[in-house]
Amino acid sequence: MRCPFCSHDDTQVKDSRPTEENHAIRRRRFCPACGSRFTTFERVQLRELMVVKKDGQRELFDRDKLARSIFLACRKRPIEDERVEKALNGIQRRLESSGESDITTDTIGGIVMEALSALDQVAYVRYASVYKDFCEAKDFEAFVENMQDSEETSEQ
């Protein structure tokens, strides 16, 4: 592993431990060249996923891009980062275990909406406003009304 500080090619692992319910390994590393310490994470990748956009364009699935959008929706909400990470890992595992290597943005968006709905209602509405491309305040109102109607129906 290359040192992110000095680019030295040979770093040493000082400590390893499982994280994220044994779905990743956290490694504490040391660079003998500059003396810096840093942490890396290793995750199992079941398959390489391709995201198919609405215009037909294809690109590699980027976990960091998904994480940014989810953390943005959860910003300034009383949600621990661990819960968001757990939801993110669940989304990625669900995508990888779907059996498909090409996944549409609609599929990803739907799975993220389900996860955020269970995590936090405000984050859910924030994500939906971008995902469903709300243009006016009435779009928010209609979405929240449908959300409340769905909750009332499921309670009965």
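1. A quick word on terms before we start: a residue is called exposed when its relative accessible area is over 50%, buried when that figure is under 20%, and partly exposed in between. By that yardstick aspartate 133 is exposed, because its relative accessible area is 55%. Keep in mind throughout that this is a predicted model.

2. Staying with aspartate 133, you'll find this residue in the loop between H4 and helix H5, which spans 137-155. Its backbone is worth a look: the phi angle is positive, about 55°, although the residue is not a glycine. The spot in question comes just after H4.

3. Now the other end of H4. What caps the N-terminal end of this helix? Aspartate 120 does, with a side-chain oxygen 3.2 Å from the backbone nitrogen of valine 122. Valine 122 itself lies in helix H4 and counts as partly exposed, because its relative accessibility is 35%. If you want a sense of the distances across the model, the C-alpha atoms of valine 122 and phenylalanine 5 are separated by 38 Å, with these positions 117 residues apart along the chain.

4. Which residues of H4 are buried? They are Ala123, Tyr124, Val125, Tyr127, Ala128 and Ser129. As a reminder for reading such a list, an α-helix has 3.6 residues a turn, so residues three or four places apart point the same way.

5. Tyr127 turns up again at the largest pocket, where Tyr127, Lys65, Leu66, Ser69 and Ile108 are the lining residues nearest the centre. This pocket has a volume of about 590 Å³ and a lining of 20 residues. The elements giving two or more residues to that lining are strand E5 (58-60) and three helices: H1 (63-73), H3 (105-119) and H4 (121-131). By class, the lining has ten nonpolar, six charged and four polar residues.

6. On annotation: the unreviewed UniProt entry places "domain: ATP-cone" on residues 49-139. In the model, that stretch is 62% helix and 10% strand, and the C-alpha atoms at its two ends are 32 Å apart.

7. Over to the N-terminal part. Cysteine 3 lies in the segment before strand E1 (12-19). Is this residue buried or exposed? Buried, because its relative accessibility is 1%, against a limit of under 20%. Leaving out residues up to four places away in sequence, cysteine 3 touches His8, Thr11, Cys31, Cys34 and Phe38. Proline 32 is 29 residues from cysteine 3 in sequence, and the two C-alpha atoms are 9.5 Å apart in space.

8. Serine 7 also sits in the segment before E1. Like aspartate 133, serine 7 has a positive phi without being a glycine: near 70° for the serine, about 55° for the aspartate. Serine 7 counts as partly exposed because its relative accessibility is 41%.

9. Last, arginine 27, which you'll find in strand E2 (residues 24-30). Which side chain does arginine 27 join through a polar contact of 2.6 Å? The partner is serine 16. Apart from residues up to four places away in sequence, arginine 27 touches Val13, Asp15, Ser16, Phe38, Thr39, Thr40 and Glu42. Phe38 appears here and among the contacts of cysteine 3 too, if you'd like one residue to click on when looking at both places.

How values were computed: Residues numbered from 1 in each chain as written. Predicted model: local features only at pLDDT ≥ 70, side-chain atom pairs only at ≥ 80, totals over all residues. Heavy atoms only, no water. Helix = DSSP H or I, 4+ residues; strand = E, 2+ residues; numbered from the N terminus. Polar contact = N/O pair within 3.5 Å; in protein donor to acceptor, adjacent residues only side chain to side chain. Contact = heavy atoms within 4.5 Å. 1 Å grid on protein atoms, 1.4 Å probe; cavity = no way out; pocket = protein on both sides within 12 Å on 5 of 7 lines; lining within 4 Å. Points joined across faces, edges and corners; volume = space filled by probe spheres on them. Nonpolar A, V, L, I, M, F, W, Y, C, P; charged D, E, K, R; others polar. Buried < 20%, exposed > 50% of the residue type's maximum accessible area, 1.4 Å probe, protein only. UniProt positions renumbered as here; feature names shortened; annotations may be inferred.
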